[in-house]
Amino acid sequence: MYSQAFRQLNILVLHGPNLNLLGKREPLIYGSVTLDSINRLLTEEADIIGIRIECLQSNHEGVLIDAIHDSCDKYQGIMINAGAYTHTSIAIRDALSAVKVPTVEVHLSNIYQREPFRHHSYIAAVAIGQISGFGAQSYKLGLHALVDHLRNER
Ligand code: CA2
C-alpha cells in the first residue's frame, strides 16, 4: 500500500533579499557562485537523495511570507536564507511559527563573525537548526540536515 512513509519529500527553498545578486556583486564576502548555480547544485543533490525541491527568491518580505503560508499542504520542509530579514523580520518568524513546517535556516557567511547586528536571528528560535559560514555548501548541508530530520521523524 502507498503509505505516508514512502511519499516523496517536497522541500521549499526560500532565498531572501539581494541574494539574486550572488556572483555578480561583492564576491569577497559572498563568493563567485550565482544563485542559479546554487539552485542547480541543490536540484542535483535532491535527485541523488530522492526528494523534490522548489526554489524561490524574493526581495519582498510579503512574498516570502505568502510562500511560507502556502507551504503547508505542499511541502514537508523549508530551507530558508532570509538574507537581511533574518535580523529584522518578526513577520517571517511568525509565519514559520504559525505553519509549523519544519525549517532549516542557512547562511553563506558566518553571521557570528560579522557585524554585531547580524548576530541575532529572529528565525533561529523557530527553526530546527541553523547552518552558517560554509558558502554555497551551507545549502547542501542544510538540505541533508532537513531531509535526515524529516526521514527520522516518520
Ligand atoms: O550570509 C548570508 O547568507 C546572509 O544571509 C546574507 C545576507 C546578509 O544580510 C545576512 O546577514 C547573511 C545578505 C545577502 C546579500 O547578498 C548579496 C550578494 C551579492 C551582492 C550583494 C549582496
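This passage looks at two helix pairs and one pocket in a predicted model. Residues are numbered from 1 along each chain as its sequence is written, and side-chain values use heavy atoms, with hydrogens and water left out. Because the model is predicted, local features need pLDDT of at least 70 and side-chain atom pairs count only at pLDDT 80 or more, while totals for chains, interfaces and linings use all residues.

Two packed helices are described by the angle between their axes and the distance between the axes. Helices α3 (residues 61-70) and α4 (residues 90-99) cross at roughly 5 degrees, and their axes come within 9 Å. That makes α3 roughly parallel to α4 (angles under 35 degrees count as such). On the α3 side, Glu61, Leu64, Ile65, Ile68 and His69 make the contact, and on the α4 side it's Ala91, Ile92, Ala95, Leu96 and Val99 (contact means heavy atoms within 4.5 Å).

Next up are α2 (residues 35-49) and α5 (residues 137-153), which pack at about 35 degrees with axes 10 Å apart. Here Ile38, Leu41, Leu42, Glu45, Ala46 and Ile49 of α2 meet Tyr139, Lys140, Leu143, His144, Val147 and Arg151 of α5. Sorted by class, that's eight nonpolar, one polar and three charged residues.

As for empty space, the largest pocket holds about 370 Å³ (on a 1 Å grid, a pocket is an open set of points where a 1.4 Å probe fits, with protein on both sides within 12 Å along at least five of seven lines; lining residues have an atom within 4 Å of a point). Its lining has 19 residues, and Pro17, Asn18, Leu19, Tyr30 and Gly83 sit closest to the centre.

Key: Points joined across faces, edges and corners; volume = space filled by probe spheres on them. Axes fitted to C-alpha atoms, helices over the stretch in contact; angles between N-to-C directions. Helix = DSSP H or I, 4+ residues; strand = E, 2+ residues; numbered from the N terminus. Nonpolar A, V, L, I, M, F, W, Y, C, P; charged D, E, K, R; others polar. Parallel < 35°, antiparallel > 145°, perpendicular 65-115°, else oblique.
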